[in-house]
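Colleague: Got a minute to go through this one with me? I'd like to start with helix packing.
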Amino acid sequence: MSDAGFDEVVHEFVAEAGEILARLESGLVALERSPEDAELLAGIFRGFHTLKGNSGFLGFARIQETAHAAEALLSLFRDRRARPDAAATSALLEAVDRVRALVAPVASGGAEAAIDVTPLTRRLAELAGAPAAAAEAADAPSEKAEPPAPADGTVRVDVDLLDRLMNWVGELVLARNQLLQQVSTSGDGPGQRAAHQVSTITSRLQEGIMKARLRPVGQLLQRFRRVVRDLAVACGKKARLEVSGEGTELDRAILEAISEPLTHLLRNAVDHGLEPEEERLRRGKPAEGRIRISARQESGHVVIDVEDDGAGVDVPKVRERALRLGRIDAERAAGMSAAETLNLIFERGLSTSDAVTRVSGRGVGMDVVKTQVERVGGTLELRNAPGHGLTLRIRIPLTLAILPALIVSARGGRFALPQGSLVELIRPGEGAGVERIHDAPVYRLRDRLLPLLDLGALLGLAGESSAASTIVVLKAGEEPFGLLVDGVHDTEEVVVKSLSPRLRELDLYAGAAILGDARIALILDVAGLARRARLKTEGGAAASAPRSVPAVPASRPLLLLKGGDDGRMAIDLAGVERLEVFPPEAIERVGGREVAQYRGGILPLVRVAEALPERRARRRAGPAGEPGPVPVVVHRQGDALVGLVVEGILDILDEPAGAERPSSRPGVLRCVVARGRVTELLDVGRLMEAGS
Amino acid sequence: MSGPARRLCSARIGGRWFGLPVERVQEVLRPSEVTPVPQAPAGVAGLLNLRGQIVEALDPRVPLGLAATADPRACMHVVLRGPDGPLSLLADEVGDVIEVPEEEAEPLPPTMDEPARRLFSAAARGRDGLLPVFDVDRLIEAGSGRRR
């Protein structure tokens, strides 16, 4: 049809148009919120202008007309004869969509789509308040030579080529590992040197290729501003999108794969999560709903949170619906915890929305979203705050291919741990230093209690753990934990392969690795292990035992304390930094307040017992009847640390769902029943104020 | 109905011979290293390194109601084309590819146990008697403990 040169120009046009349209989209949404931004407006104008010029040159008349009509409207804004309002923005966004649709077939067929653009251009002209002819005349004098966009030192690479490069590098790494193994046993001097050089170069090559495939997630997130804006308009609600962590980088393939699930989640959030304006105002919330997407990297994963401040999930309603649809029977319903009930929304058709909305349709599957996420090896978790909102967390393993890993063994099996999660290695002599809290083994590491997991026992492997175990201290999120293994071998760069969804569901393995000797070692999922160690990871509360349903309870872990008078209190483990024990002489009085010197700073102290005036505490007496060592919970509130002086520290447990009473006492959030006793959940923020 | 013959790969599992549609069979491997996956469903014997690709090895004895294979490393592997990629099926022996004209495919004998019946699509008359033919997708689902 066209000669090679023309083809290339056409391809350039398509690629550039795609980029311009993406920028136009986010620009228009931003302009609606800040109509005074002249620079933004100029950028948008430039975008349409370039589209007009390029399409004119190639003979794409409809694209040219649409861009021209958009330009005319924009020049009105630029000349301050009007302000961009919702109607104008919607029309301009429609123009963006239309051009996209027109451009779509160009790459394959060489011609723009046969879509009638007259209704749209007419509408744009009306909004510009002038008949099309006059708009054209007005346009001529304002046309200036636009400076070309600055070059940014990048090239476009065919994604298939990137994929192949990635595979080849993967194979190269495997071969390199085998080579190193061979050479180390053969003791061949010059051979070894050459092999090591190959190794270094391979590592660099691998890093480079992996980087080349990474794209900042912000690209994707910016597009979502428009999605949220359109959804809000369609649902008749007010909503805004906040985005953070845009610089977080993700492999290109994964980015593509999560685009759809994220869009679904946003749709659900705006459509079902956010309440209508009047209701929000009634509940004392701002009229405009807030949706926040944040992305960050954490121990070999990218974590993306989608959080809304809407109504959250109505758990009883979910239970009811499940009962009504026959998914569960009455007996099971009675025995299910809030967390388990919440997980029902991942089953098909269990959306609690009764109305089929224009936007989302009936129950646009959370089950679909979950499957899509799992297909790329990720997980989806929920954190529900009824009345306050819902957070959905997508966690995806970072680039698929190559990972530095520590190889450990337990009862004859070999496993790999991602180097990135490793904190340190400890060899406790003969089990010294291993203590117990309520039958759970812990290790006292520099005055910190480290929960321990016996890997062999956890996996149910036959045999006994060796007496000479090593503790591998790992971290997934905030709190480290220890993994007891029989032996620690070398670190290797391993080629990571993903496992099938059913094996991933076990919440034990992040993938499988092919080692240098071509044998397979399962890569342990550190976050999953951490959950079993009953810690707060950033992903939510811990499950105390592996279940067949990968439930993540929406409850939080609490630190259980002894209150004065043998009462029970608890605080949210989230803010707790460390558990310390101060000798009584470490506590000083300054200006009527108690403080202690701590880690090079001054730690203000608050005696919990005294901040709650009703409780009279007796000072803990040491053997001589003198005040004994003082247990202090070091708590972080924003940038500041504060020490909460307590009677004693009992345990860490998950906040139980169920029986709850709001408390009218200042300083106490509510009462829960924990371990069979009524426990007051303290409001640390208030305590701190009270103590000052 | 007459038509093209079915070609089946024959495999001996737990003392019986079975058939597998040949278009679902990618290749057959000699006994190889199988790495167990602790805590995996009983039908998953472990993982196999197939030229750099990690492939799950399923033990068909489990969905057949027999005791799991004692030593997966002594078994042959029939690598199947599964819905999500290749999967290996452990077998004691792999026989010839046999051709069964369509008319000779028979329904399953009513004496066959109910849970096992679901794993098969038909029976073929082989040299040494009736050969139950596996329904590959159902077998994979059952063997890997997939819940639906």
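Modeller: Sure. One term before we start: a crossing counts as left-handed if the near helix is turned anticlockwise from the far one by less than a right angle, and as right-handed if clockwise. Also, keep in mind that this is a predicted model.

Colleague: OK, so what's the handedness of the crossing of helix 8 and helix 9 in chain A?
Modeller: Left-handed, for helix 8 of chain A against helix 9 of chain A.

Colleague: And at what angle do their axes cross?
Modeller: Roughly 155°, with the axes of helix 8 (residues 159-186) and helix 9 (residues 189-212) of chain A coming within 9 Å. Angles over 145 degrees count as roughly antiparallel, so that is what helix 8 of chain A is to helix 9 of chain A.

Colleague: Which residue classes make up that contact?
Modeller: There are 15 nonpolar, 8 polar and 1 charged residues in the contact of helix 8 with helix 9 of chain A.

Colleague: Switching to chain B: how many residues of strand 5 are buried?
Modeller: 5 of its 6, so strand 5 (residues 53-58) of chain B is largely enclosed by the rest of the structure.

Colleague: Which strands does strand 5 of chain B pair with?
Modeller: Strand 4 (residues 44-50) of chain B pairs with it in the antiparallel sense over 6 bridges, with Asn49(B) partnering Ile54(B). Strand 7 (residues 85-91) of chain B pairs with strand 5 in the parallel sense over 3 bridges, and there Glu56(B) stands opposite Leu87(B).

Colleague: What about the hairpin of strands 4 and 5 in chain B?
Modeller: It has 2 residues between the strands, and Arg51(B) takes a positive phi near 50°.

Definitions and conventions. Residues numbered from 1 in each chain as written. Chains lettered and ligands numbered in written order. Predicted model: local features only at pLDDT ≥ 70, side-chain atom pairs only at ≥ 80, totals over all residues. Heavy atoms only, no water. Axes fitted to C-alpha atoms, helices over the stretch in contact; angles between N-to-C directions. Helix = DSSP H or I, 4+ residues; strand = E, 2+ residues; numbered from the N terminus. Parallel < 35°, antiparallel > 145°, perpendicular 65-115°, else oblique. Nonpolar A, V, L, I, M, F, W, Y, C, P; charged D, E, K, R; others polar. Buried < 20%, exposed > 50% of the residue type's maximum accessible area, 1.4 Å probe, protein only. Pairing = 2+ DSSP bridges.
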